[in-house]
Amino acid sequence: MNKKTHSCIDKSGFRIGMSFKEEAVGTNAISMAMQLRRLVYLEPQHHFCDILKKWYCIERLSL
């Protein structure tokens, strides 16, 4: 990972190895896609975690 990418991640509040399970950070597109096994789109206001409330997220389960 280059320094610019690492800096961007640090500023976001995310950390390498962070869990996106619903039990860890609440409602999010990653955990919902894993649970529903389909494409999921979430707008900022639908996230539980404050860090994610700035993000529009789309996630799909890859097998």
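The accessible surface of the protein chain comes to about 5000 Å², and carbon and sulfur atoms account for 57% of that area. The model is a predicted one. Its chain has 63 residues, of which 24% are buried. The points below proceed from the overall layout to a helix, a nonpolar core and three individual residues.

**Overall layout**

- Three helices and two strands are present in the protein chain.
- Read from the N terminus, these elements follow the order α-α-α-β-β.
- Along the principal axes, the C-alpha atoms occupy a box of roughly 35 × 30 × 20 Å.
- Of the contacts between residues at least 6 apart in sequence, 26% link residues at least 24 apart.
- The chain carries 10 positive and 6 negative charges, and the mean positions of these two groups are 8 Å apart.

**The helix α3 and its cover**

- The helix α3 spans residues 29–36 and is followed by a loop leading to β1, which spans residues 40–42.
- Ala 29, Ser 31 and Ala 33 are buried residues of α3.
- The cover over the buried residues of α3 includes α2, β1 and β2, the last of which spans residues 57–59.

**The largest nonpolar core**

- The largest nonpolar core consists of five residues, namely Ala 29, Ala 33, Val 40, Leu 42 and Cys 57.
- Both α3 and β1 contribute at least two residues each to this core.
- Ala 29 and Ala 33 of this core are also listed among the buried residues of α3.
- In general, an α-helix has 3.6 residues a turn, so residues three or four places apart point the same way.
- Beyond its neighbours up to four places away in sequence, Ala 29 touches three other members of the core, Val 40, Leu 42 and Cys 57, together with His 47 and Glu 59.

**Asn 28, at the start of α3**

- Asn 28 is located in the loop between α2, which spans residues 22–25, and α3.
- Asn 28 counts as buried because its relative accessibility is 2%, which lies under the 20% cut-off.
- A side-chain oxygen of Asn 28 comes within 3.1 Å of the backbone nitrogen of Ile 30 at the start of α3.
- A polar atom of the Asn 28 side chain also lies 2.9 Å from the backbone nitrogen of Ser 31.
- Apart from neighbours within four places in sequence, Asn 28 is in contact with Phe 20, Lys 21, Glu 22, Leu 42, His 47 and Leu 52.

**His 47, between the strands**

- His 47 belongs to the loop between β1 and β2.
- His 47 is buried, since its relative accessible area is 2%.
- Not counting residues up to four places away in sequence, His 47 touches Thr 27, Asn 28, Ala 29, Leu 42, Leu 52, Lys 53, Trp 55 and Cys 57.
- Among these partners of His 47, Ala 29, Leu 42 and Cys 57 belong to the largest nonpolar core.

**Arg 37, just after α3**

- Arg 37 lies in the loop between α3 and β1.
- Most residues other than glycine have a negative phi.
- Arg 37, although not a glycine, has a positive phi of about 60 degrees.
- This positive phi occurs just after α3.
- Arg 37 is classed as exposed because its relative accessible area is 54%, which is over the 50% cut-off.

Notes
Residues are numbered from 1 along each chain as its sequence is written. This is a predicted model: local features need pLDDT of at least 70, side-chain atom pairs count only at pLDDT 80 or more; totals for chains, interfaces and linings use all residues. Side-chain values use heavy atoms; hydrogens and water are left out. Helices (H or I, at least four residues) and strands (E, at least two) are DSSP runs, numbered from the N terminus. Buried means under 20% relative accessible area, exposed over 50%, partly exposed in between (1.4 Å probe, protein chains only). Contact means heavy atoms within 4.5 Å. Accessible areas come from the Shrake-Rupley method with a 1.4 Å probe; for residues, only the protein chains shown count as cover. Lys and Arg count as positive and Asp and Glu as negative; His and the chain ends are not counted. The place of a charge is taken as NZ of Lys, CZ of Arg, CG of Asp or CD of Glu. A nonpolar core is a set of buried Ala, Val, Leu, Ile, Met, Phe, Trp, Tyr and Cys residues joined through side-chain atoms within 4.5 Å. A polar contact is a pair of N or O atoms within 3.5 Å; within protein, one must be able to donate a hydrogen and the other to accept it, and residues adjacent in sequence count only if both atoms are side-chain atoms.
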